[in-house]
Amino acid sequence: MAVTRKKLIEVALPLEAINIASAREKSIRHGHPSTLHLWWARRPLAAARAVLFAQMVDDPSSRPELFPTEAAQEVERERLFAIIRELVKWESTTNEVVLEAARAEIRRSWRLTCEDNKDHPQAAELFDPDKLPAFHDPFAGGGSIPLEAQRLGLEAYASDLNPVAVLINKAMIEIPPKFAGRPPVNPKSRSEKTLHCRVWRGAQGLAEDVRYYGQWMRDEAFKRIGHLYPQVEITAEMVAERPDLKAYQGRKLTVIAWLWARTVRSPNPAFADVHVPLASTFMLSTKAGKEAYVEPVIEGNGYRFTVKVGKPRDPEGAKNGTRAGKAQDFMCLISGVPIARSYIRDEGKDGKLGSTLMAIVAEGDRGRVYELVLRSLSGCCVTAP
Ligand SMILES: C[S@@+](CC[C@H](N)C(=O)[O-])C[C@H]1O[C@@H](n2cnc3c(N)ncnc32)[C@H](O)[C@@H]1O
């Protein structure tokens, strides 16, 4: 039986500092691999780092030979907390001084653990004071925990049922160490003489290659399929309807999203030739101060969409779109008659559903999401299959 001592995590943690760093991290981790693919229940890197550290380091109460009184234990615990408070900061992910202090503490506890277990029958294999134990996360998901284990100096292994998670973990913890300290190989970096004598630390060289070849792939994709994603030009006609777009008049903007709604033939016999939208909401942005919504305009037997910015005049109507309130039921935009779920299902089975473009979201000057919502170019067009 191995001799075990109480670890810090079993006694106390500086939770407030960990929580603050975890919440802050969400808004500043731009460019981090974790933003490449969103994974559910992904652990904040700060929390992963703190928890790993506190699992590896002994609680001072378990070392009475070193900290004989409660007061001495408290002082030592506070010293460990100070390391954690620094360690959880986003800026510390690349701060070797902070990381090395944490690693040294882990190594110190490990050596004591090995000393405790030097008579263990498998001591040579399991309790080598010069080799930290390996770490394995069998449900690694987005890989926060093995990534942070690696950062803290442990040999990290990750596995997962889902091949996407496996790919993420390969990209994050398996491939980068293979290229650690190596220069980039892309032709641009190779031809730049000023880079020849540069020292490439960690994954810097690999990152340079990822940037170069990522740009190459983007350019190639644009050459081949870019024509399928035309930019949208802000015309004087659009500005007349949306004065807030004045600053963009005459400019071509990159489209981020085309927002479509499914359509179904109106069950009202008077409008049986009109396809009406099944829109679960007309709100495009509910962000305070940046509200935007679609406002349908009914014209004769048809309709078109306009996009408005600001709070809707009819907040409930904008929120509900053409939903009838009851789950899965809608109503005819023109006549208001209910559209039962069973009717939509039957029309769908007969291949009679259509779609209509409600709005286009384009990239504005200050960020992307719903910065700029343009009026739909679809006009009153309703496309049936
Ligand atoms: C909550 S996620 C893990 C999130 C991860 N801790 C992170 O920080 O990103 C749980 C993961 O367990 C994986 N999983 C579920 N059942 C599994 C099984 N039987 N074997 C391996 N992985 C499994 C899922 O694919 C999922 O990626």
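**Exercise 1. State which domains the protein is divided into, and how far apart their centres lie.**

Solution. The protein is divided into domain 1, residues 8–178, and domain 2, residues 233–374, with bounds that come from an automatic or database domain assignment. Taken over C-alpha atoms, the centres of domain 1 and domain 2 are separated by 48 Å. Residues are numbered from 1 along each chain as its sequence is written. The model is predicted, so that local features need pLDDT of at least 70 and side-chain atom pairs count only at pLDDT 80 or more, while totals for chains, interfaces and linings use all residues.

**Exercise 2. Compare the expected span of helix α4 with the distance between its end C-alpha atoms, and work out where its buried residues lie.**

Solution. Helices are DSSP runs of H or I with at least four residues, and strands are runs of E with at least two, numbered from the N terminus. The expected span of a helix is 1.5 Å times one less than its number of residues; for the 21 residues of α4 (96–116) this gives 30 Å, which agrees with the 30 Å between its end C-alpha atoms.

Next comes burial: a residue is buried if 20 or more other C-beta atoms, placed from the backbone, lie within 10 Å of its own, exposed if 12 or fewer do, and partly exposed in between. The buried residues of α4 are Ala102, Glu105, Ser109, Trp110 and Thr113. Seen down the axis of α4, they fall within an arc of 135°, so they line one face of the helix, the arc being that of the directions from the helix axis to the C-beta atoms. On the other side of α4, Glu96, Val97, Glu100, Ala104 and Glu115 are exposed.

Finally, the buried residues of α4 pack against α2 (45–56) and α3 (70–87), where contact requires C-beta atoms, placed from the backbone, within 7 Å.

**Exercise 3. Locate phenylalanine 127 and describe its surroundings.**

Solution. Phenylalanine 127 sits in the loop between α5 (123–126) and β1 (135–137). Phenylalanine 127 is buried because 21 other C-beta atoms lie within 10 Å. Leaving aside residues up to four places away in sequence, phenylalanine 127 touches Thr113, Cys114, Asn117, Lys118 and His120. Phenylalanine 127 and tryptophan 110 are 17 residues apart in sequence and 8.4 Å apart in space, C-alpha to C-alpha.

**Exercise 4. Describe the backbone angle phi and the exposure of alanine 41.**

Solution. Alanine 41 lies in the loop between α1 (15–28) and α2. Its phi is near 55°, a positive value in a residue other than glycine. Most residues other than glycine have a negative phi. Alanine 41 counts as exposed because it has 8 C-beta neighbours inside 10 Å.

How values were computed: Contact = placed C-beta atoms within 7 Å.
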